[in-house]
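Here is a friendly walk through one protein chain, written to be read with the model open beside you. Shall we start with a single residue and work outwards?

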Amino acid sequence: MDENITLHLGHYRKYLIESSNLIIVTGEFSKVDYSRKLYEQRFNIKTIEDADYLKLMEAAALSAAVLADKESWGWTLSLKGKNTGFFCAVEPEGSICGRANPADEELSKIYLQRQKKNVNAPMMQSHYDPETSDPVKAIEQYFRQVEQTRTRIEVNDDYEGILLQELPDAEPGDYFSMVRDELFLTVRKNLEDKNYKPLKEFLIFYDCRCNDEMILDMVDSFPESQKNELWDENGKLEMECPRCGRKYIIEKKDTLN
């Protein structure tokens with residue numbers, strides 16, 4: 001792991017609220033966002049300055065941290081009324097990355113790809129129509145609609161986040177009805193008073209799994225007719241990683257065909 005990454009880890013902590021039989025995850029994306037900017041500077045990637053994007057990343061990190069067994073999650077969101085769509089991926093080791101792409105403001109769709117840590121595990125795919133243009137609530141909807149698990153996700157303007165999730169026979173009290181600011185105050189007070197049982201910590205850092213080999217494999221997977229149109233007069237091709245936007249220069253002589 002890069003030294004710059006290790007200095008800017010996001011600590012996502014999972015607790016049990018025994019009195020209510022709820023799982024709660026807390027985390028703060030600001031340090032991870034700093035490592036994102038370092039990554040983008042390092043690879044000359046245009047920085048995305050969009051509050052919705054950062055809130056999406058925080059919600060995705062919280063969602064990954066609540067899992068009992070870590071998985072690869074890849075979110076693709078287009079939200080009505082927004083001309084920018086987002087992709088965000090979280091890996092089992094804690095790396096997170098993403099990018100923004102132009103989107104049709106009339107299009108509203110979410111796709112999620114999930115795969116367990118075992119490389120031979122099948123890829124599971126879900127898609128649904130978001131009921132809101134708020135990316136945090138759109139991810140929250142996944143748990144309610146697809147997983148059928150009552151879940152609440154809140155992210156404040158400082159990109160601090162809370163995820164609440166019911167266990168069987170939960171007695172949630174006011175946790176799902178409090179306004180957002182009251183929920184943050186209540187959780188902070190209970191954490192200070194050590195009223196929650198610590199379970200696990202999940203470290204999040206900004207990085208992408210892309211490398212030269214991955215990009216070469218991508219090019220080699222293209223149909224031969226398409227590949228012939230890709231190369232410039234010097235037998236080179238510039239490609240962007242679809243996950244993080246990092247640019248790669250591929251030479252035709254390095255491909256299999």
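## Starting from one serine

S20 is buried, with a relative accessible area of 8%. Here buried means under 20% relative accessible area, exposed means over 50%, and partly exposed is in between, using a 1.4 Å probe and protein chains only. Before going further, please note that this is a predicted model, in which local features need pLDDT of at least 70 and side-chain atom pairs count only at pLDDT 80 or more, while totals for chains, interfaces and linings use all residues. Residues are numbered from 1 along each chain as its sequence is written, and side-chain values use heavy atoms, with hydrogens and water left out.

You will find S20 in the loop between β1 and β2. Helices (H or I, at least four residues) and strands (E, at least two) are DSSP runs, numbered from the N terminus. Which residues touch S20 once its neighbours within four places in sequence are set aside? They are A170, E171, P172 and Y175, where contact means heavy atoms within 4.5 Å. G173 sits 153 residues away from S20 in sequence, yet their C-alpha atoms are 7.1 Å apart. G173 belongs to the loop between β9 (160-166) and α5 (180-192), and with a relative accessible area of 61% it is exposed.

## Two asparagines with positive phi

As background, most residues other than glycine have a negative phi. N21 and N44 both deserve a look on this point: N21 has a positive phi of about 55 degrees although it is not a glycine, and the phi of N44 is near 55 degrees, also positive in a residue other than glycine. The table puts their settings together.

| Residue | Loop | Relative accessible area | Class |
|---|---|---|---|
| N21 | between β1 (10-17) and β2 (22-28) | 24% | partly exposed |
| N44 | between α2 (30-42) and α3 | 67% | exposed |

## Buried positions in strands

T26 has its place in strand β2 and is buried, at a relative accessible area of 14%. Leaving out neighbours within four places in sequence, T26 is in contact with H11, Y12, R13, Y15, L62, G161, I162, V187 and L191.

F205 lies in strand β10 (residues 197-206) and counts as buried at 6% relative accessibility. How far apart in space are the C-alpha atoms of F205 and K31? They are separated by 8.4 Å, although the two residues are 174 apart along the chain.

## The nonpolar cores

A nonpolar core is a set of buried Ala, Val, Leu, Ile, Met, Phe, Trp, Tyr and Cys residues joined through side-chain atoms within 4.5 Å. The largest one has 59 residues, and those with the most contacts inside it are W75, I96 and Y206. Helix α3 (residues 51-65) gives the largest share of this core, 10 residues. Another core lies apart from it, with 13 residues that include I162, L164, Y175 and F176.

Two members of that other core have already come up: Y175 is in contact with S20, and I162 is in contact with T26.

Back in the largest core, W75 is in contact with A60, F86, F87, C88, I110, Y111, L112, Y128, I139 and Y142, leaving aside neighbours within four places in sequence.

## A mostly covered helix

Is helix α4 mostly covered or mostly open? This helix (residues 135-145) is mostly covered, with 8 of its 11 residues buried. Those buried residues are P135, V136, A138, I139, E140, Q141, Y142 and F143. I139 and Y142 also appear among the contacts of W75. The cover over the buried residues of α4 includes α3, β3 (71-78), β6 (109-116), β7 (124-128), β8 (151-155) and β9.

## The chain as a whole

Stepping back, the protein chain has 7 helices and 12 strands. Its radius of gyration is 20 Å, close to the 18 Å that the globule rule gives for 257 residues, so the chain is as compact as a globular protein of that length. This radius is taken over C-alpha atoms, and the rule is 2.2 Å times the number of residues to the power 0.38. Along the principal axes, the C-alpha atoms fill a box of roughly 65 × 40 × 35 Å.

Of the 257 residues, 48% count as buried. Among contacts with a separation of 6 or more, 60% are between residues 24 or more positions apart.
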